[in-house]
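Grab a viewer and work through these exercises at your own pace. Each has a task, followed by a solution that goes step by step.

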Amino acid sequence: MTVESTAARKPRRSAGTKSTAGKRTTARKSPDAEHEPVQLLTPEGERVKNAEYDKYVDDITPEELRGLYRDMVLTRRFDAEATSLQRQGELGLWASLLGQEAAQIGSGRALRDDDYVFPTYREHGVAWCRGVDPTNLLGMFRGVNNGGWDPNGNNFHLYTIVIGSQTLHATGYAMGITKDGADSAVIAYFGDGASSQGDVAESFTFSAVYNAPVVFFCQNNQWAISEPTEKQTRVPLYQRAQGYGFPGVRVDGNDVLASLAVTKWALERARSGEGPTLVEAYTYRMGAHTTSDDPSRYRGDEERLAWEAKDPILRLRRFLEASNHADEGFFAELEAESEALGKRVREAVRAMPDPDHFAIFENVYADGHALVDEERAQFAAYQASFADEGV
Amino acid sequence: MAAETTKNMALAKAINESLRHALDADPKVLIMGEDVGKLGGVFRVTDGLQKDFGESRVIDTPLAESGIVGTAIGLALRGYRPVVEIQFDGFVFPAYDQIVTQLAKMHARSLGKVKLPVVVRIPYGGGIGAVEHHSESPESLFAHVAGLKIVSPSNAGDAYWMMQQAIQSDDPVIFFEPKRRYWDKGEVNTEAIPGPLHKARVVREGTDLTLVAYGPMVKLCQEVANAAAEEGRSLEVLDLRSVSPLDFDAIQASVEKTRRLVVVHEAPVFFGSGAEIAARITERCFYHLEAPVLRVGGYHAPYPPARLEDEYLPGLDRVLDAVDRALAY
């Protein structure tokens, strides 16, 4: 279904291609066609055997499976609450991860505590896995700060808004790990749109040349705001790695088990000195780019409906139910926990105070700066001038 | 008399010695850039460092400026103190995004939790007969960005110590090296306790007019002061050393004495550092000034081909002309 809908968007290339269009093997399709991702769980919730990647999830316990499910459900609930809070005027903006829960939870749960994450601004599920309190993510979207958590507290860097910049930071950090002789790894998140950025290309070059222990985790959610993936690439994104001399793998990004397994494999490569890996998590941005976006201007409902059938949470639920790994009590309890999370987030955001005016001048420099001091004093004098008016 | 710890060396060698000292003193200090390793840099500023400190600490990078600065940021996040070289002034722009949006802002973005002690070395300025993009003075483009500190030494002694201080700074520092002065020799006292990094220095006292400059223009201003002295004019010369923060107190103190100010830099006059100095000194010294603050610098045109650079760059006569105009008020 996906392949068809993607192909439908792609213009015919040439008469020559047209003549062979009937042959399945040679027809020129979109860059995403005919590249089946690694999948361990079908949309129907059936476990598919995979000789290469099974070993990374073979020892997973029912409890851990329920944990992955819980992570995804709570992340989605938090995300929905944030979207509502934007609609209520409590947040200025929200970038929803709806549809990408499996890619984020699967990769996030593959990490060790000493690994380091460099996210984009949409990695709410990964933040959850790292133990960053969800309410901390909302400060920047409410406009009270530009990043409200200590990156070193959870080895989860601040959200990077400029597209692709963080892939170089991840690479540099990974180079540092090598210099330290440690066996930690770094994971850099980015999207299909970012794959066109020079910084991403340079991070591939640097990480390959220095054999840096970094996993490039590209969530190909099919859309960079209004531009489909074929506006970014003529080859499947995972194949980009080949030209840089390291492996690339496409994984079903709506399959939490496969995302977990493939990321574990890539991290293991990093830890054992085999260098960088590109993982393309093939997924779909179910919602708008942000709350400011209107997807109806550039894409139709059919595509979204097709992806809804492949929902990451639904398929794990089917699997849990079919394998008797979770009972009604579990789902009911989780439902209650979700609502409690929504309430907690709602209340925390509404209680979030505006920053002190003088926060403008704080932390501009680590060692201070004469001009900042001077302007702070001018600002203070200006504000104090109103005190006499007794307003 | 020069002490035993004082040596006479070229400005480029002084930076080399300073980097060597920093590498020796702190295992977290790294050198990164294009050709900085085996070759020792195109100006030999990092000569011999890779040989003595190894490829892991003196790193030949791929030819990608954004990558150099971006990975330096990542290394700094891991606890390193990278000193990166941008080979020439005109090549910094691929890294401009990383410098402006990431390097400058991460400390504030993290509410002070992340520090990025990265030094970006940039050989800058003209006067060496180079091809396009090898003679520019982009310091104002960085001074406009909060979160960065901008310095430029004018002599070997300052180059040695200012590099030490830049590397010790927990803030990112853009270190502009006056490439036409790389081969000028000067006294370097490796034991002397230096003054603060961001303070200006009076290099020549005078009473009639203040010349303010930094980097390559300090030497020119000293020559101007010599020439003016022959005509009976007493010019004070101030070496700013730092463009951000900028030592306005030192300029103010000088101007309150001389009542006239001419600012000299190679960068284009339009929106250059001279404009900021003129505005602030006019505000601070309005009743002391006998003449408007005048500026001498590059024109609002691309840096010209080498055969024209002597016309484009401030020279002795152009600065003297400005001095005459200021004194004529």
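**Exercise 1. Decide whether Phe358(A) is buried or exposed, then place it in its chain.**

Keep in mind that this is a predicted model.

Step 1: count the neighbours. Phe358(A) has 11 other C-beta atoms within 10 Å.

Step 2: apply the cut-off. A residue with 12 or fewer such neighbours is exposed, so Phe358(A) counts as exposed.

Step 3: find its spot. Phe358(A) sits in the loop between α15 (328-350) and α16 (370-384) of chain A.

Step 4: look for a partner further along. Ala380(A) is 22 residues away along the chain, and the two C-alpha atoms are 8.2 Å apart.

**Exercise 2. Check whether the span of helix α9 of chain A agrees or disagrees with its number of residues.**

Step 1: α9(A) covers residues 165-180, which makes 16 residues.

Step 2: the expected span is 1.5 Å times one less than the number of residues, so α9(A) should come out at 22 Å.

Step 3: compare. The end C-alpha atoms of α9(A) are 24 Å apart, which agrees with the estimate.

Step 4: check the surroundings. Of the 16 residues in α9(A), 13 are buried, so the helix is mostly covered.

Step 5: see what comes next. Gly181(A) follows α9(A) and has a positive phi, near 70°.

**Exercise 3. Work out how the radius of gyration of chain B fits the rule for a compact globule.**

Step 1: chain B has 329 residues, so the rule predicts a radius of gyration near 20 Å for a compact globule.

Step 2: the model gives 20 Å for chain B, which agrees.

Step 3: add the outline. Along the principal axes, the C-alpha atoms of chain B fill a box of roughly 60 × 45 × 40 Å.

Step 4: look inside. Buried residues account for 56% of the 329 residues in chain B, and its secondary structure comes to 12 helices and 14 strands.

Step 5: check the contacts. Taking those in chain B between residues at least 6 apart in sequence, 79% join residues at least 24 apart.

**Exercise 4. Describe the side of chain B that touches chain A.**

Step 1: count both sides. 34 residues of chain B are in contact with 33 residues of chain A.

Step 2: name the elements. Those of chain B giving two or more residues to this side are α3 (65-77), α4 (93-103) and α5 (106-109).

Step 3: find the main contributor. α3(B) supplies the largest share, nine residues.

Step 4: sort by class. The side of chain B that touches chain A has 12 nonpolar, 15 polar and seven charged residues.

**Exercise 5. Find out what is unusual about the backbone at Leu111(B), His133(B) and Pro245(B).**

Step 1: recall the baseline. Most residues other than glycine have a negative phi, and most peptide bonds are trans.

Step 2: take Leu111(B). Its phi is positive, about 55°, although it is not a glycine. Leu111(B) lies in the loop between α5 and β5 (119-124) of chain B. With 19 other C-beta atoms within 10 Å, Leu111(B) is partly exposed.

Step 3: take His133(B). Its phi is also positive, near 75°, and the residue belongs to the loop between β5 and α6 (139-143) of chain B. His133(B) is partly exposed, with 14 other C-beta atoms within 10 Å.

Step 4: finish with Pro245(B). The peptide bond from Ser244(B) to Pro245(B) is cis, with omega near -5°. Pro245(B) is in the loop between β12 (242-244) and α9 (248-258) of chain B.

Definitions and conventions
Residues are numbered from 1 along each chain as its sequence is written. Chains are lettered from A and ligands numbered from 1 in the order in which they are written. This is a predicted model: local features need pLDDT of at least 70, side-chain atom pairs count only at pLDDT 80 or more; totals for chains, interfaces and linings use all residues. Helices (H or I, at least four residues) and strands (E, at least two) are DSSP runs, numbered from the N terminus. A residue is buried if 20 or more other C-beta atoms lie within 10 Å of its own, exposed if 12 or fewer, and partly exposed in between; C-beta atoms are placed from the backbone. Two residues are in contact if their C-beta atoms, placed from the backbone, lie within 7 Å. Ala, Val, Leu, Ile, Met, Phe, Trp, Tyr, Cys and Pro count as nonpolar, Asp, Glu, Lys and Arg as charged, and the others, Gly among them, as polar. The radius of gyration is taken over C-alpha atoms; the globule rule is 2.2 Å times the number of residues to the power 0.38.
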